Amino acid sequence: AERRLNDREKLASTGQIAAGIAHEIKNPLTSVKGFLQLLKESYSHPYLDVMDAELEKALETLINLLQVSKPDFQEEPLVSINFCKELTSLMLLFQERLYNVIVEMDLRDSEKTMLGKRNLFLKAFFNLIKNAVEAIEDKGKITIQHYYENEQIHIKVIDSGVGIPKDKLNMLGTPFFSSKSDGTGLGLTQVFTTVHEHGGIIRVESEVGHGTTFHVKLPVK
Ligand code: ADP
Ligand code: MG
C-alpha cells in the first residue's frame, strides 16, 4: 500500500483548529503555573510538585502542537543543512534503544546541502527515526538512505517493524492520530508540516508485518 502524503487541506483545517485551541489554553495554564510557583515559595507539599509536573506536561503538549500546526510559530533562519552529517548525529541519540536493531546508514552524495530551517528538520527526522525504532518490537533493521537525484535530495527512513494497516494510511499526519498507548500523535504532523513548508514531498509505503518506508524528497533550492 502506498499513498502520496501531500493533502495540505486536511492538515490546514485540523491543524488550524488545534493551534487555535492550543493558543487559548496555553495562556491561562501558564498563569496557573506562575501562581503555583508563588504558592510553592510559601508552602511545601508533594501534591504541589505533582501539580507542577502535570502542568509542565500539558504546556509541553500545547507548545508542541503550536509548533507542528503553525510552522511560523517559531521564527527560524534558513541555513545550509548537510543531512548526512545531521542524520549521523541524530542516530547517536537512539543508540541506547538500538541494542536489538541493526542500523544501516547509506549516505551517498554526502557533500550535498540544502537551504532550510535546521531545527525543524532535526525534529522531523528525529520523529521519523523514533517511529521506526518504536515500530520494531523484538529484533529488526533500520536503514537510513540519503542520495541526490533530479535536483532533489532524497532521504528514506526504512524499518522492518510492524507496518501500518492500509486503512490507517490516510490518517497519518492528522494531529493526535496515534495507535500507541503513550503516543502524542503529533510526530508526523510536525514532519509533514516541515516537509511541505520547504516545498518537499513525503510518501509512505508500508506492509503490515514487514515494515515501513518514509521517503522524503526535498528541492535543494
Ligand atoms: P505517535 O508516534 O506519538 O503515535 P506519530 O504522529 O509519530 O505519533 O505517528 C502516528 C501513528 O502513525 C503511530 O501511532 C503509528 O500508528 C503510525 N506510524 C508512524 N510511523 C510508523 C512506522 N514507522 N511504523 C509503523 N507505524 C507507524
Ligand atoms: Mg511518533
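This is a short talk on the cores, one helix and the ligand shell of this structure. Keep in mind that the model is predicted.

I'll start with the nonpolar cores. The largest of them holds 25 residues, and Ala124, Leu128 and Val191 make the most contacts inside it. Several elements supply two or more residues each: helices H3 (83-93), H4 (118-135) and H5 (187-197), together with strands S5 (140-149), S6 (152-159) and S8 (211-219). H4 has the largest share, at 7 residues. There is also another core, lying apart from that one, with 6 residues, including Ala22, Leu62, Leu65 and Val68.

Now to Val191. If we set aside its neighbours within four places in sequence, Val191 touches Ala124, Asn127, Leu128 and Ile202.

Next, helix H5. How many of its 11 residues are buried? The count is 9, so to speak of H5 as mostly covered is fair. The buried ones are Gly187, Leu188, Thr189, Gln190, Val191, Phe192, Thr193, Thr194 and Val195. After the helix comes Gly199, with a positive phi near 75°.

Last, ligand 1. Around it are 21 residues, and those that come nearest are Ala135, Ser178, Ser179, Gly183 and Gly187. Which elements give two or more residues to this shell? They are H4 and H5, and H4 gives the most, with 4 residues. Sorted by class, the shell has 11 polar, 8 nonpolar and 2 charged residues.

To put two of these points together: H4 makes the largest contribution to the largest core, and H4 also gives the most to the shell around ligand 1. Gly187, for its part, is buried in H5 and is among the residues nearest ligand 1.

How values were computed:
Residues are numbered from 1 along each chain as its sequence is written. Chains are lettered from A and ligands numbered from 1 in the order in which they are written. This is a predicted model: local features need pLDDT of at least 70, side-chain atom pairs count only at pLDDT 80 or more; totals for chains, interfaces and linings use all residues. A nonpolar core is a set of buried Ala, Val, Leu, Ile, Met, Phe, Trp, Tyr and Cys residues joined through C-beta atoms within 7 Å. A residue is buried if 20 or more other C-beta atoms lie within 10 Å of its own, exposed if 12 or fewer, and partly exposed in between; C-beta atoms are placed from the backbone. Two residues are in contact if their C-beta atoms, placed from the backbone, lie within 7 Å. A residue is near a molecule or strand if its C-beta atom, placed from the backbone, lies within 6 Å of it. Ala, Val, Leu, Ile, Met, Phe, Trp, Tyr, Cys and Pro count as nonpolar, Asp, Glu, Lys and Arg as charged, and the others, Gly among them, as polar.
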